[in-house]
Every structure is written in C-alpha cells, then in structure tokens.
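Colleague: I am new to this structure, and I would like to understand how each term used for it is earned. Could you take me through the reasoning, one term at a time?

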Amino acid sequence: MDGRKRANIKPGTHVNIVQKQDQRTGELTEGYVQDILTNSPTHPHGIKVRLETGEVGRVKEILSELES
C-alpha cells in the first residue's frame, strides 16, 4: 500500500519508516504506528508517524494492517 496517503495508515499499522538521520542512506526502521503526525491527506515523501518505540519518520512501506 501507498505510504504517501494518510487514509492508508492507522494506529497499529505495521510499517517501514525512514528516519530523518537515515534519509541519505535510506535505512528503514520497522515498527507499529502509535501516532500520525502529518495532518494533510497526502505527502510526496510519505506520511510522518511516531512508532510505538518513539521513533519518528516517514512511511516508505506499509507491511500489514492491524487485525481487528
């Protein structure tokens, strides 16, 4: 799924993000979304989120959605 659309991301979604300090290398961090920090419906570089571990970055890949 597309990490540039806010509608695709909810708290609990399993994602890969790129943190600010990793933008040059493209190193991805895997985790679960705690908060969505981008207010606009889309963003060309990915929606900014905070993971449950406290790390902040832009969503590059949505791995799966929370099963409810």
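Modeller: What follows is a set of questions and answers on how the terms apply here.

Colleague: What kind of model is this, and what is the mean pLDDT of the chain?

Modeller: The model is predicted, and the mean pLDDT of the chain is 93, with 94% of the residues reaching 70 or more. Since pLDDT is the predictor's confidence on a scale from 0 to 100, these values describe confidence in the prediction. Among the elements of the chain, S3 has the highest mean pLDDT, at 98, and S4 has the lowest, at 94.

Colleague: What makes the four strands a barrel, and in which order do they close?

Modeller: The four strands close in the order S1-S2-S3-S4, with antiparallel pairing, and the twist from one strand to the next averages 65°. Two strands count as paired if there are at least two bridges between them, and each pairing can be set against that cut-off. S1 and S2 pair over five bridges in the antiparallel sense, S2 and S3 are joined by three bridges and run antiparallel, S3 (residues 48–51) and S4 (residues 56–64) pair over three bridges, again antiparallel, and S1 and S4, also antiparallel, are joined by six.

Colleague: Which residues are bridge partners in these pairings?

Modeller: Between S1 and S2, Val18 has Leu28 as its bridge partner, and Val15 stands opposite Gly31. Further round, Ile36 stands opposite Val49 in S3, while Arg50 has Val56 in S4 as its bridge partner. His14 has Ser64 in S4 as its bridge partner.

Colleague: Why is S1 described as largely enclosed?

Modeller: Six of the six residues of S1 are buried, and therefore the strand is largely enclosed by the rest of the structure. Both of its faces are covered, with His14, Asn16 and Val18 buried on one side and Val15, Ile17 and Gln19 buried on the other. In a regular strand, side chains alternate between the two faces of the sheet.

Colleague: How do you know that Asn16 counts as buried?

Modeller: The cut-off for buried is under 20% relative accessible area, and Asn16 is at 10%, so it counts as buried. Asn16 is found in strand S1 (residues 14–19). Leaving aside residues up to four places away in sequence, Asn16 touches Leu28, Thr29, Glu30, Arg58, Val59, Lys60, Glu61 and Leu63.

Colleague: Leu37 is a useful case to set beside it; is Leu37 buried, partly exposed or exposed?

Modeller: Partly exposed lies between the 20% and 50% limits, and Leu37 has a relative accessibility of 33%, so it counts as partly exposed. The place of Leu37 is in the loop between S2 and S3. Leu37 and Lys48 are 11 residues apart in sequence, and their C-alpha atoms are 5.3 Å apart in space. Beyond residues up to four places away in sequence, Leu37 touches Lys48, Val49, Arg50 and Val56.

Colleague: What makes a group of residues the largest nonpolar core here?

Modeller: The members must be buried nonpolar residues joined through side-chain atoms within 4.5 Å, and the largest such set has nine residues: Ile9, Val15, Ile17, Val33, Ile47, Val49, Leu51, Val59 and Ile62. S1, S3 and S4 each supply at least two residues of this core. Val33, one of the nine, touches residues including Ile9, Val15, Val49 and Leu51, with residues up to four places away in sequence left out. In soluble globular proteins, nonpolar side chains tend to be buried together.

Colleague: Why is the pair Arg50 and Asp35 called a salt bridge?

Modeller: The cut-off is 4 Å from a side-chain nitrogen of Lys or Arg to a carboxyl oxygen of Asp or Glu, and the side chains of Arg50 and Asp35 meet at 2.9 Å, N to O. Arg50 lies in S3 and Asp35 in S2 (residues 28–36), so this pair ties together parts that are 15 residues apart in sequence. Arg50 is partly exposed at 29%, and Asp35 is partly exposed at 26%.

Colleague: How many salt bridges are there by this rule?

Modeller: The count comes to two. Arg4 and Asp2 also meet in a salt bridge, at 3.1 Å, N to O. Arg4 is partly exposed, with a relative accessible area of 44%, and Asp2 is partly exposed as well, with 25%.

Key:
Residues numbered from 1 in each chain as written. Predicted model: local features only at pLDDT ≥ 70, side-chain atom pairs only at ≥ 80, totals over all residues. Heavy atoms only, no water. Buried < 20%, exposed > 50% of the residue type's maximum accessible area, 1.4 Å probe, protein only. Contact = heavy atoms within 4.5 Å. Axes fitted to C-alpha atoms, helices over the stretch in contact; angles between N-to-C directions.
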